[in-house]
Each structure stands twice: as structure tokens, then as C-alpha cells.
Amino acid sequence: MRKEKRFHIKWIMVMLALTASVLLCGCASSNKGVNGQVIVYNWGEYIDPETIRMFEEETGIEVIYDEFETNESMYPKVESGAVAYDIACPSDYMISRMIENGMLSEINYDNMPNAKSNIGAQYYEQARGFDPDNTYAIPYCWGTVGILYNRTMVDEPITRWEQLWDEKYADDILMQDSVRDAFMVAEKLNGDSMNTLDPDELTAAKDLLIEQKPLVQAYVVDQVRDKMIGGEAAIGVIYSGEAIYTQKENPDLVYVIPEEGTNVWIDAWVILKNAPNKENAEKFIDFMCREDIALMNFDYITYSTPNVAARELIEDESIKYSEIAFPDLSQYENLETYIYLGEDGDSLYNELWKEVKAH
Amino acid sequence: MKNAAKKIYIALIVLFLYAPIGTLMVLSFNASKTRAKWGGFSIQWYIALFENEEILRALFNTLVIALVSSLVATVIGTIACIAMTGMKRQAKSILMGITNIPMLNADIVTGVSLMLLYISLGIRFGMGTILLSHITFNIPYVILSVMPRMKQLNPSTFEAALDLGSSHLNAFFKVVFPDLLPGILSGFLMAFTMSLDDFIITHFTKGVGVDTLSTKIYTEIKKGIKPEMYALSSLIFVTVLTLLVLINLSPDKKEKK
């Protein structure tokens, strides 16, 4: 009987410890905005939290901030209407899908002076690929997809996608493990569009990827970064946003935009059709386009900003004029942006990608 | 020979179980952000962790949800057990079957169906929906650990207490409850860990701006998991380990020997 009692005391102590730990770290504060609220759905780690606090202070609008991890997980959440979001920040092809399905609301540039004046014309131009008249989306972050290579591990500078098929580099190549990015490489190499639905072009791309497969060390997503820094591979396909960071960690790494052309991706703010706080949404997006705020976000996220006024404010010359962060898009040919291919197109690509992976 | 083989076998098991956690703890002291390079020893991620309001709020949410949901589930589950012992055999086994289904069910099925239920009922997603969901999937675990204890009870003690003039409620708390307590406590702890652990159901039933640790970590995928999370995970692991060691070192273990 004594033993039993001790046993109980022990467990009660555990419970007390748990309760105490809960109480100790409780510090959630909530001050309702006097001017209503705005509900924002953005990528994880895709904003400087300080800018949200500043917005709340300056406008008195409470920001309810939610995060997603992929375009594909964002879409059904917005569509299901479980939560009525005001603003989202999807990528190019997902925006074209949302436009097609009538989920977005038109942007009134008169209410957004910063968006009108600070975002560079060339980025609006590039965004027309998925938003033909710039009716719905205001670019927030952008970048290119290119090749990152370790100059101590290759014989000559890498400048073309073609070199990813060079047998010299067998087992030293990292490819992106995502349908569109993998096919983009092969399609660009063939001189085709990366939004193609032509069966012959797609088969050619698929065959090319199968041919390359024995040379590929691994199909990876964000491990490219760590593997390249650690010198575990010589050549990797990577997003430009990661390139500056990897170079800082390992100065032997070089980033190039391949001559055959590549993908220019854009993540952009959109206001949703059934947004309950449209006016506040406009204020929020415009606030994010203000040059000092955009600069804070650029410093935090480190992905290229389309905000030319913010770029002017960058103090570090090596970043301000960086060819990686801010390449002159007009210099390159064959730059494209993904668009939505429709359900049939998507499943066709997935089918072919499965064949490549299973080969 | 046989002994050596045994030891190697155990060592291998422990190695496989703890190598990932060990790596994580080492990396949490890495001054460099990347796992590929050792930038020197540093506690900067621990400092950054305690300055990061988002992570701390997620931790707070996780612990509150785990504590409240497991407490509520424990009360409901225990009452259900008491009711079930009074039932006929057939009704009891049907009810046991029903409570077992959610446990065998894939989390994603539970998560999606709860989400659809909330949408169709027009319930606003938020902390409340997460709590409801966690209570829901916690109840079976409590029942499962209280029920066997219930079966071991000697019904005569309860009747004896009544015969001696005790009220029903009093008899329950003085006679039955103490005997059930170990089962209830382990059920509570089981529910607590299940709730702490859960990602998928939370992912589907959470509202805007409410994050638990697991959903917070998941959203960091695009930009790479921040080393602050390594630091936090290490702290949680060390806390749990210390608690376990304390429990196992308490005197009654020695008495048994």
C-alpha cells in the first residue's frame, strides 16, 4: 500500500511540473486593432515579423497572420472557405490557376501608390506571363533557377544546362525533385517552352531526363544548399535566392543562369475575391511595398525584391549590384515564368515524371 | 560470447534510436546555420530562441492544448469507463469497438473528417477547433488505459462502503477512485504525449494565426528549418529525459530490489 502511494505522488509531481512549464512560458498578448483586421496567408518565414508590428502600430489594423508551406497546400485551404483570408502570396502558376477559377479580386492601383511607383516595370512585365494585364497580382519576391557549381570540382566553367548531361560529372549532379523544375531543365535544353503541352516535346524532355538519371547523385529539394556548401556534389540546380547565402558559407561556389534560358519565378500578393476586409488588405499590401519596409523584408528573406526603390537603399554595394540577386532580365533570352497548365496538363506532367523516377 | 552479442545488439538499437537526436543536439550548438559546416561552438540559437516570439507562442499553444485536451479527455474517458462497466456485455463490447476505431484510423482521415464536420456546422476555426479535435482523439487512449484497471476492481469494496453508510459519490472517491488512479494517470500522460505529438489533425483543424510547434516547423520548409528549432528540440528532449530519470531514481524502485 505504501508503494502505491509513492507511485501516485510521483505522477502528481510530473503533472505539476507540466502545469508549471505551461504557466511559465505563457506570454501571449492580444490587442484588437481599433481599425478592424486583415487576414494574411503567406509562406513560412517569408516576412520580417517586425514589419507586421510596425503596420499594426501605424494603422491600428490588427494583422492575423497565417503561414503555408507549398502552393498546393495553400490552394485547398483558400478554396474550402474554412477561413476567409484577405491576402495570399502564391507563386506565378498558382496565381494563374486562381485567376482562372475566379478566386481573386482586382487590384485598385489608386489605393496603392507605393505598389504603383516602387515595383519595377520589368517585374510587372514579367508577371504578365500569368496575370496578362497586371490586374490581380503585385510582385513580392522573385528569382531565377540556375546552376550552382563548385569551381574546385569542375574542369571548366559551367554555363549551359547541357553540361548537366556530361558524363564527367557522373554522381556529382543534384537535380530538383519537383516535376516542373526538372522538366524545365530538359525543355529549355531542347529549346522548347517550359509551359509546353506538346506530346512530342514532352516525350523528348522525358527521354532526356531518363538519359541523365544515371549521372544524377540525387533528386533533392532544399538539401541542395547544405550539400553544395559541404562539397558533397559539384553541380546543383538551385533557386537564386539560396545562392548568395551558399556563397557566403563556401566561397568556391558559383551561380550562373544557363544560356539556354530558365524559369523566372515570382511570388506575388493577391487579394481574394471574398476578402472580408478589402480596404485593409490594400493598405497592407501597399505598406509592404513601401521602400523601407521592402528593404527590411529583403534583408530578412534574402530573396530578390522587385521593389526598385528598396534596392536603391541597400547599403552593401556587392549585394546592390549583385548579378545573382538582380540580374538584368533583358540580357537573357528565353526567360519564362510558369503558368497553370490545367488539370489535364498537371496530371500529364506528373505521369511523365513518375516514369522518369521509376525508370 | 552470447553476452557480447547481446550488448552489441542493444548498443545498435540505442544508436539507431538516438543518433538523430544526438546530431540535432550537436547542431544546435553550431555557430553556422548550415549542417555542412561546423562554425564553432555557440549558444546563439538558444538566445535567439528565447527572443523569438512566434516560436514561444507556438510552444505555449502546444502545451496549453496538450494539457487542457488531455485533462478533459481524462475526465470524459474515466466517466465513460465507469458507465461501461455497468452495461451489459454486448453493449459494452460494441462501445469498446467504437472507441477503438479512431485509434486504428489514419490520422489524416480523422483530420479531414473533423475539418469537414466543422465547416458543415459553421464552426469558426481557431484554438477551439484544435482543442475539440485533440479531446476527440485523446478519449480512446484514456479509456484504453483505465478500462483494464476497472476490470481488476473488486465490486464488493464499493458495496461494502455503501453498506457502511457512505453516499454513492463519497464511496466512489474514497474507494474506487484511488484504485483507478494509476490507470487514470497513465491515460492522462498517454493523451498528453499524443496531443503534443500530433501534426496532421492539427494541420487540418487549426484556425488562422494559431500555430502549434509541429505546424510552425512545417511552414518553415520553404526557407529551411531554423536552427532555433534545433535548440528548442534539444531543450524539450533534455527536459523529458530528466523527468524520466527522476521518476526512475525514486526510492521505491530500490525497495523492490
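Q: What phi does A:Thr302 take, just after helix H12 of chain A?
A: The model is predicted, so features need pLDDT of at least 70, side-chain atom pairs 80 or more, while totals use all residues. Side-chain values use heavy atoms, without hydrogens or water; residues count from 1 along each chain, and chains are lettered from A. A helix here is a DSSP run (H or I) of at least four residues, a strand (E) of at least two. After H12(A), A:Thr302 has a positive phi of about 70°.

Q: Which residues of H12(A) (291-301) are buried?
A: Buried means under 20% relative accessible area (1.4 Å probe, protein chains only). Cover for the buried residues of H12(A) comes from elements including H2, S5, H11, H13 and H14 of chain A. The buried residues are A:Ile293, A:Ala294, A:Leu295, A:Asn297, A:Phe298 and A:Ile301.

Q: Which strand gives the most to the largest nonpolar core?
A: That core has 129 residues. A:Ile138 is among those with the most contacts inside it. A:Ile138 touches A:Ile107, A:Trp269 and A:Cys289, among others (heavy atoms within 4.5 Å). With nine residues, the top contributor is chain A's S5.

Q: How many residues does the other core, with B:Cys81, have?
A: This core lies apart from the largest one. Its members include B:Ile139, B:Val146 and B:Met147. Its size is 16 residues.

Q: Which residue in S7(A) stands opposite A:Gln176?
A: S6 (173-176) and S7 of chain A run parallel, joined by four bridges. S7(A) (216-220) is mostly covered, with four of its five residues buried. Opposite A:Gln176 stands A:Val220.

Technical notes. Core = buried A, V, L, I, M, F, W, Y, C linked by side-chain atoms within 4.5 Å. Buried < 20%, exposed > 50% of the residue type's maximum accessible area, 1.4 Å probe, protein only. Pairing = 2+ DSSP bridges. Lists of a residue's contacts leave out its neighbours within four places in sequence.
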